[in-house]
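Grab the model and work through a few exercises with it. Each one sets a task and then walks through a solution.

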Amino acid sequence: MGPGSEQALPAADLQWLFENGEEIQLITGALIFEQDEVVVDLVLVLHGLLVAMTPGVRQVTYRSGAWVGAAPFIDGAPMPSTVRAGENSLILRISRERVQARMATEPAFAARILRGLASSLVTSLREHVRDEQRMVVPLGGDGTEAEVDRLCAEFKEQLQAADKSAMRRGAELEALGQELSRGFAGFAIRLNELLGDDSGLDKVERDRLGARVQREVLPYLLLTKTAERLYAKPRGYAGDAESIAWIYNNVPGGTSRLGPLLDRAFLNQPAAAAVRNRRVLLRNQIFQRLERLAAGGSEPRPFRITIMACGPARELFDVFDALEELAAQGQALPQIEARLIDIDEEAIAKVRAEVEGRGLRDAIQLHHNNLVYLALGRQKLEIPAQDLVYSIGLIDYFSDRMVVKLINYAHGLLRPSGELILGNFHPLNSDKALMDYVLDWRLIHRDEADMDRLYTESVFGRRCSEVVFEDAGINLFAICPKSNAVALPS
């Protein structure tokens, strides 16, 4: 754990908290407390970031080691803010009643807990004051608000016109869809210019204006099939296996006349295209390594792959399809032994059905495990030395600190000649503001320098050897071999 309130507690207190509380992994956006809720639990942030939001007030963040719910615990008042996970996080949730019962019988324990709660309150207050002092951009003072309103009004006019045209044009729906796709693309690009990370606006102002855009535009996107699921997050996060599979399939759907047309426009967006492209990129990366192993002239052996957060694993099935075609032509490449890890039980079940339907049970093993727990050593999984470990869409949900732990975990899975490939959305993503503010699909975007830094801070101890991009130039993949990696001080 990082520095924080829990460090002031002796080991015996921490052990009691863990024995009497519940460790919970949270996906970005997960709700912990609602504003005005009567609080019955205390929450200790073990890893990650929680965010408290109150209308009209700057948000307050809670990092590793902070107590959440300290004020209601002390004064008994309802929760003053809505608290959600600002990134994928790990918390310890413990009954307020249980803590108070022990405090009543052990004054020394009570003093230590209250000191930790007070420390969290002071830290939050200092952060709030510091942020207020940094706030120098007047709300809407640069004319951005009027431009945002104009952008939304023009886009809504186009959507309404498309809906009317769909009633009349019948067979010309494909041309209408192309028009709408162009309009959607222009809207997303301009929105990113106004509210993106490089807009020059204060984050609070971007969030305020982003909420305004969402109120205007989201009702239309909820008519679609794909974008609606990304917003609804039925599995707890936007990019679940089913959502990714829908983007791969690239078949629009939705309700009313407008829904399928708008879904087609969304599926044509660069971010969705990048998701499809990265499937092809990973298929090609795996195939290149199979060919390299075959050309090496060494004793034939299986090529071992581990996928972290496998999702639908379509890229791997694409490889098996290609191998089957080669075998039919009398050509052979090394066999694959794959291990697929995912926290989503539904994703594992669907992949298992495909594995069994294809007769690949001997080639693919599935593991329903929590990668955060594996990276932190809270779970163990026996995996032989791997030639390749990769993740397509995992780390853009996690903080740098957790990504380094995941990199270290992957490093431990690799044979000396093995490689790690990590995918991440790049800051050049022109759909970022649309994803952030309209769909609430918030990812951590990273560039080449960020990936170099993460690998350098890990046990690899150096920059990645190569960075490749899918064809849309929005998803990067940072590659680093284990050979020559150095052990860093603990």
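## Exercise 1: Where to be careful

pLDDT (the predictor's confidence in each residue, from 0 to 100) stays under 50 over residues 485–490, a stretch for which the model has 13 contacts beyond four places in sequence; contact means heavy atoms within 4.5 Å. Since this is a predicted model, local features need pLDDT of at least 70 and side-chain atom pairs count only at pLDDT 80 or more, while totals for chains, interfaces and linings use all residues. Residues are numbered from 1 along each chain as its sequence is written, and side-chain values use heavy atoms, with hydrogens and water left out.

**Task.** Find the other stretch where pLDDT stays under 50, then place it against the confidence of the protein chain.

**Solution.**
1. Go to residues 134–140: pLDDT stays under 50 there too, and the model has 9 contacts beyond four places in sequence for them.
2. Now zoom out: the protein chain has a mean pLDDT of 88, with 92% of its residues at 70 or more.
3. By element, helix α4 (residues 107–134) has the lowest confidence, at a mean of 71, and strand β9 (residues 303–308) the highest, at 98. Helices (H or I, at least four residues) and strands (E, at least two) are DSSP runs, numbered from the N terminus.
4. The reading rule: where pLDDT is low, the predicted coordinates should not be read in detail.

## Exercise 2: The sheet of 7 strands

**Task.** Work out the strand order of the open sheet of 7 strands and say which strands are at its edges.

**Solution.**
1. The order is β11-β10-β9-β12-β13-β15-β14, with mixed pairing. Two strands pair if DSSP finds at least two bridges between them.
2. β11 (364–368) and β14 are the edge strands, each pairing on one side only.
3. Ignoring direction, neighbouring strands here are turned by 15 degrees against each other on average.
4. Helix α12 (residues 314–328) packs on the sheet and touches β9, β10 (336–342), β11 and β12, its direction making about 165 degrees with that of β10. Angles run from 0 to 180 degrees between N-to-C directions, and axes are lines fitted to C-alpha atoms, for helices over the stretch in contact.
5. Helix α15 (residues 400–413) packs on the sheet as well, touching β9, β10, β12 and β13, at about 150 degrees to the direction of β13.

## Exercise 3: Walking across the sheet

**Task.** Start at β9 and follow the bridges through β12 and β13 to β15.

**Solution.**
1. β9 and β12 run parallel, joined by 3 bridges. Thr 306 has Val 389 in β12 as its bridge partner, and Ile 305 stands opposite Leu 388.
2. β12 and β13 also run parallel, with 5 bridges between them. Here Val 389 stands opposite Leu 420.
3. Strand β13 (residues 414–425) then pairs with β15 in the antiparallel sense, over 7 bridges. Leu 420 turns up again, opposite Cys 480 in β15.
4. One step on, strand β14 (residues 466–469) pairs with β15 over 4 bridges, in the antiparallel sense, and Phe 469 stands opposite Leu 476.
5. The hairpin of β14 and β15 has 5 residues between the strands, and Gly 473 takes a positive phi near 75 degrees in it.

## Exercise 4: Buried strands

**Task.** Why is strand β15 (residues 475–481) largely enclosed by the rest of the structure?

**Solution.**
1. Count buried residues (under 20% relative accessible area, with exposed over 50% and partly exposed in between; 1.4 Å probe, protein chains only). In β15, 7 of the 7 residues are buried, so the strand is largely enclosed.
2. Sort by face: Asn 475, Phe 477, Ile 479 and Pro 481 are buried on one side, and Leu 476, Ala 478 and Cys 480 on the other.
3. That split fits a general pattern: in a regular strand the side chains alternate between the two faces of the sheet.
4. Strand β12 (residues 386–391) is mostly covered, with 6 of its 6 residues buried.

## Exercise 5: A buried serine

**Task.** Is Ser 181 buried or exposed, and which residues does Ser 181 contact?

**Solution.**
1. Locate Ser 181 in helix α6 (residues 173–195).
2. Its relative accessible area is 11%, so Ser 181 is buried.
3. Leave aside neighbours within four places in sequence, and the contacts of Ser 181 are Arg 264, Ala 265, Asn 268 and Gln 269.
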